[in-house]
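Here are my notes on the model you sent round, set out as numbered points. Please read them with the sequence and the coordinates open beside you.

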Amino acid sequence: MAMLSVVYNEMLKHNTLPVFTWQVKDSSSPGRKAARVLVEHGLDGNLRPMRFCVGEESAASVKPGMNVQDAKSRKIASGQGKYYTGYVGSNPIELHLRSCISSVNWEGEYAATPFKTQVAVLFDNLPEGMVCPISVYTAGKKLKIDELIDVRKSSNQEAGIQGIRYVCRCGSRLMQLFLDGLFWVIAAPELAFVLETEGIPLK
């Protein structure tokens, strides 16, 4: 697969807020190494590692052999993160996930309101902990994020959202996407935008 676009690599520079960090351990070397991971963050709040790499390569562009298969998670005893065990090809691996945000509740549940909508997100998780959304999944559509304009801690009091706000460009329009605890949400007006946008229908 091709490397990420120049536009996407540029947008990483705007992101300076660490969220999650990953370390990988496999049979090829002792100890754990910081990893860059392509993560699917579902509506259930679970983070599912899809691919990973160690070093400068992009996790979204690594060869298919680096796909994480049959990943299963268990909580760390301290409650500060999770372990994932799985396979890359026939080689067993262990991925260690920790949150850089002390207030994250791994047992928390999504608090639904009429003013916000939960979405699923595919994101690139850098070794330093920064999270960069690549696409949003909701209402049967996949919406590609073309550029990351701004990342900061913020809130939308009217919608009852508080967390990290990602201002994203999708095509010719802007969207505010929030990571609120362990859940990705958008305010109700943003949902109308998503529904009107010609996203890729999910099969």
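1. In this predicted model, the side chains of aspartate 150 and arginine 165 meet in a salt bridge, with a distance of 3.3 Å from N to O. The pair links distant parts of the chain, since aspartate 150 sits in strand β10 (residues 147-156) and arginine 165 in strand β11, 15 residues apart. Aspartate 150 counts as buried because its relative accessibility is 19%, and the cut-off for that class is under 20%. Arginine 165 likewise counts as buried, at 17% relative accessibility.

2. Aspartate 150 also has a salt bridge to arginine 152, where the N to O distance is 2.7 Å. Arginine 152 is partly exposed, with a relative accessible area of 45%, whereas aspartate 150 counts as buried. Asp150, Arg152 and Arg165 are thereby linked in a network of salt bridges. The structure holds seven salt bridges, and one of them joins aspartate 44 to arginine 48, with the closest N and O atoms 2.6 Å apart. Aspartate 44 counts as partly exposed at 43% relative accessibility, and arginine 48 is also partly exposed, with a relative accessible area of 31%.

3. Arginine 165 leads on to the strand pairing, as this residue stands opposite phenylalanine 178 in β12. Strands β11 and β12 run antiparallel and are joined by seven bridges. They form a hairpin with two residues between them, and glycine 171 in the turn has a positive phi of about 70°. Strand β12 (residues 173-180) then pairs with β13 in the antiparallel sense over three bridges, and leucine 179 has tryptophan 184 of β13 as its bridge partner. Here too there is a hairpin with two residues between the strands, and glycine 181 in the turn has a positive phi of about 70°.

4. How many of the residues of β13 are buried? Five of the five are, so the strand is largely enclosed by the rest of the structure. Both of its faces are covered, with Phe183, Val185 and Ala187 buried on one side and Trp184 and Ile186 buried on the other. Strand β7 (residues 116-125) runs antiparallel to β13 and is joined to it by four bridges.

5. Glutamine 118, which lies in strand β7, deserves a closer look. The bridge partner of glutamine 118 in β13 is valine 185, and glutamine 118 counts as buried at 15% relative accessibility. A polar atom of its side chain lies 2.4 Å from the backbone oxygen of leucine 43, a value that I would ask you to keep in view when reading the coordinates. Leaving aside residues up to four places away in sequence, glutamine 118 touches Gly42, Leu43, Asp44, Tyr110, Thr138, Phe183, Trp184 and Val185.

6. Two of the residues touched by glutamine 118, threonine 138 and leucine 43, are 95 residues apart in sequence and 9.6 Å apart in space, C-alpha to C-alpha. Threonine 138 is found in strand β8 (residues 131-138) and counts as buried, at 11% relative accessibility.

7. The structure holds four aromatic pairs. Tryptophan 22 and tyrosine 84 form one that is tilted, at 5.3 Å centre to centre with 45° between the planes. Tryptophan 22 lies in strand β1 (residues 20-26) and tyrosine 84 in strand β5 (residues 81-88), so the pair ties together parts that are 62 residues apart in sequence. Tryptophan 22 is buried, with a relative accessible area of 1%, and tyrosine 84 is buried as well, with 5%.

8. Tyrosine 166 and tryptophan 184 form an aromatic pair that is tilted, at 5.3 Å centre to centre and 45° between the planes. This pair links distant parts of the chain, with tyrosine 166 in strand β11 (residues 161-170) and tryptophan 184 in strand β13 (residues 183-187), 18 residues apart. Tyrosine 166 is buried, with a relative accessible area of 0%, and tryptophan 184 counts as buried at 1% relative accessibility. Ring pairs link Phe20, Phe123, Tyr166 and Trp184 into a cluster.

How values were computed:
Residues are numbered from 1 along each chain as its sequence is written. This is a predicted model: local features need pLDDT of at least 70, side-chain atom pairs count only at pLDDT 80 or more; totals for chains, interfaces and linings use all residues. Side-chain values use heavy atoms; hydrogens and water are left out. Buried means under 20% relative accessible area, exposed over 50%, partly exposed in between (1.4 Å probe, protein chains only). Rings of Phe, Tyr and Trp (its six-membered ring) pair if their centres lie within 6.5 Å; planes under 30 degrees apart count as stacked, over 60 as edge-to-face and the rest as tilted. Two strands pair if DSSP finds at least two bridges between them. A polar contact is a pair of N or O atoms within 3.5 Å; within protein, one must be able to donate a hydrogen and the other to accept it, and residues adjacent in sequence count only if both atoms are side-chain atoms. Contact means heavy atoms within 4.5 Å. A salt bridge is a side-chain nitrogen of Lys or Arg within 4 Å of a carboxyl oxygen of Asp or Glu.
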